[in-house]
Amino acid sequence: MMQKIQRFGGAMLTPVMLFAFNGIILALSIAFQNESIVGGLAAEGTFWSDIWGMIESGGWTVFDHMELLFVIGLPIGLAKKAQARAVMESFVIYMIWNTNINYILNTWNFGVDMSNVEDTIGIKEIGGIATLDTNLIGALLVSGLAVYLHNRFFDTALPEWLGIFSGSSFVVMLGFFMDIPLAFLTAWIWPSIQDVISQLQGFMASSGTAGVGIYVFLQRILIPTGLHHFINQPFEFGPAAVEGGLLNYWFEHLSEIAAFDGPIREIFPQGGFMLQNASMFFFPIGIGAAFVATSKPEKRKKTMALVIPTAATAMIAGITEPFEFTFLFLAPQLFAVHAALTSIFAMTIYAFGLAGGFAANIGGLTGVLLPMAENHLDAIFIYFASGIVLTFIYYFVFRWAILKFNLKTPGREEDEGVHMYSKKEYEAKKAEEKGSTSTEEGLNNVASKALGFLDGLGGSKNIADINNCTTRLRISVKDPGSSKR
């Protein structure tokens, strides 16, 4: 079950990876259309304003069609064969489902007003079809159904005279007939679910600092299992906190929030749930400094050569896994401390009035700091001042733990090497220890290491399943006992 959940989490990242660039584009384009930042250049009707308006409209593309991205992206990660065909099948089945809902709501009375689609809450146009706004829940449900039908029936052998209906045609046929009761069921129960979601939004908005802390802690502590996607994605991209998702709301109202003369939390209280990554700009510095300070004197230069670019990568691109999985590999209890510290940091800055997309890397931060510079300098100061304090806390906590428990962090290994651990190594710890001594000539270092990993996993015939998310590879083996020592 855990393997299936992790595979689903990895598949969810296929479309999510598109959001980072478009998010930065939106933040910059909105900032450059703000007269308080660039002056008269941003006046309505100027060439500058029109160009950045065009860029902004392009940046909204992935967010406006988010459901379709997940419908298309999920089969890429979950289909076990012919993924390209699975993508097409998923799209067609999803659009048939929405078309059925549109007809049902226009024909029978389910309490949904379809007379004015643009002004009716809970209705959204997807691919030109006015349907219930089921957001990611509907997209994942129907694409999941399509993936199941594809994996189960794509290779079904039909009689020769029905051969034209085999493969993708057969999968879509099955989906077509299943869409009919599913559409009726959706039209019946989803309006009630929307009411519950609306009440949940109010609860989240009033849950205060403690609610933000619980959310951030769960999001961080579940990273090793892959379950963190189930925590953050309904908030960031779904309707758990605000209609259309926090990320969409943040960029859509960024100019309004930036112009607000008061704490960001007052105008966007739900934005506290966007602070789960706020600490990621600081903790790599504190942890990296602890690694360097506790390294052996003869290994200190090598440790710095490893830690500095890794920390820089974390700050620039937001990739923090080398740090997190190094101490997760060596001392899992420190990961719980790490999750608690990120939660406390989010609660602290939220209590001081911060909220919204204080992102995990320089690019994301730039898109926030530019529009916030005029009216929210105090928030920027609080963020960086609190972050510096957090950095020192991480340094002293991890330095103490490394020395107290004699953890073999980078620079403290018994051998001559200096090493940072990845999640792949964390999940395949024993396999890595067994390794391989392949002596094939002509192979470079990377290829030799890959052969060693493969040999340690029992060879290619012992590999049952491989999948991945952005930075982590997950491998399942048929017989764990067949690994070689």
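The following paragraphs lead through the surface, the aromatic pairs, the helices and the salt bridges of this structure. The model is predicted.

The surface offers a starting point. Y103, W108, I164, F165, M173, F176, F177, I180 and F184 form a nonpolar patch there, and together these residues have about 940 Å² of accessible area. Helix 9, which covers residues 168–205, supplies the largest share of the patch, five residues. Another member, W108, is placed in the loop between helix 7 (83–107) and strand 1 (123–126). The relative accessible area of W108 is 44%; this residue is therefore classed as partly exposed, the class between the limits of 20% and 50%.

The aromatic side chains come next. A pair of aromatic rings is described by the distance of the centres and the angle of the planes. In this structure the count comes to 24 aromatic pairs. One of them joins F345 and Y383 in a tilted arrangement, with 6.4 Å from centre to centre and 55° between the planes. Because F345 belongs to helix 18 (residues 332–351) and Y383 to helix 20 (residues 377–404), this pair ties together parts that are 38 residues apart in sequence. Both F345 and Y383 are buried. A second pair, Y394 with F398, is stacked, with 5.7 Å between the centres and 25° between the planes. Y394 and F398 both lie in helix 20, four residues apart, which is about one turn of the helix. An α-helix has 3.6 residues a turn, so residues three or four places apart point the same way. Y394 has 0% relative accessibility and therefore counts as buried; F398 is likewise buried, with a relative accessible area of 0%. Ring pairs also link F345 and Y383 with F281, F282 and F384 into a cluster.

Helix 18, the element that carries F345, can be followed further. Its 20 residues should span 28 Å at 1.5 Å a residue, and its end C-alpha atoms are 29 Å apart, so the two values agree. The buried residues in helix 18 include L334, F335, H338, L341, F345, I349 and Y350. The ring of Y350 has a charged partner: R265 lies over its face, at 4.0 Å from the ring centre. Just after helix 18, G353 takes a positive phi of about 105°.

Positive phi values also occur in two residues that are not glycine. For A82, phi is near 45°. A82 lies in the loop between helix 6 (66–78) and helix 7, and is partly exposed, with a relative accessible area of 29%. For N406, phi is about 50°. N406 is found in the loop between helix 20 and helix 21 (423–427), and its relative accessibility of 43% means that it counts as partly exposed.

The loop that holds N406 also contains K408. K408 counts as partly exposed, at 30% relative accessibility. The C-alpha atoms of K408 and S295 are separated by 9.1 Å, although these residues are 113 residues apart along the chain.

Helix 15 comprises residues 283–294 and reaches 17 Å from its first C-alpha to its last, close to the 16 Å expected at 1.5 Å a residue. Nine of its twelve residues are buried, so helix 15 is largely enclosed by the rest of the structure. Among these buried residues are F283, P284, I287, F291 and V292.

The charged pairs complete the account. Side chains of opposite charge can pair when their charged atoms come close. Which residues form the two salt bridges found in the whole structure? In one, the side chains of E67 and K124 meet at 2.8 Å, N to O. This pair links distant parts of the chain, with E67 in helix 6 and K124 in strand 1, 57 residues apart. Both E67 and K124 are buried. In the other, D155 forms a salt bridge with K81, and the closest N and O atoms are 2.9 Å apart. Here D155 is in the loop between helix 8 (135–153) and helix 9, while K81 is in the loop between helix 6 and helix 7, 74 residues apart. D155 counts as exposed, at 55% relative accessibility, whereas K81 is partly exposed, with a relative accessible area of 26%.

Definitions and conventions: Residues numbered from 1 in each chain as written. Predicted model: local features only at pLDDT ≥ 70, side-chain atom pairs only at ≥ 80, totals over all residues. Heavy atoms only, no water. Patch = residues over 30% accessible without salt bridge, like charges linked within 9 Å, V, L, I, M, F, W, Y side chains within 5 Å. Areas by Shrake-Rupley, 256 points an atom, 1.4 Å probe, with all protein chains shown as cover. Salt bridge = Lys/Arg side-chain N within 4 Å of Asp/Glu carboxyl O. Buried < 20%, exposed > 50% of the residue type's maximum accessible area, 1.4 Å probe, protein only. Phe/Tyr/Trp six-rings, centres within 6.5 Å; stacked < 30°, edge-to-face > 60°. Lys NZ or Arg CZ within 6 Å of the ring centre and 35° of its normal. Expected span 1.5 Å × (residues − 1).
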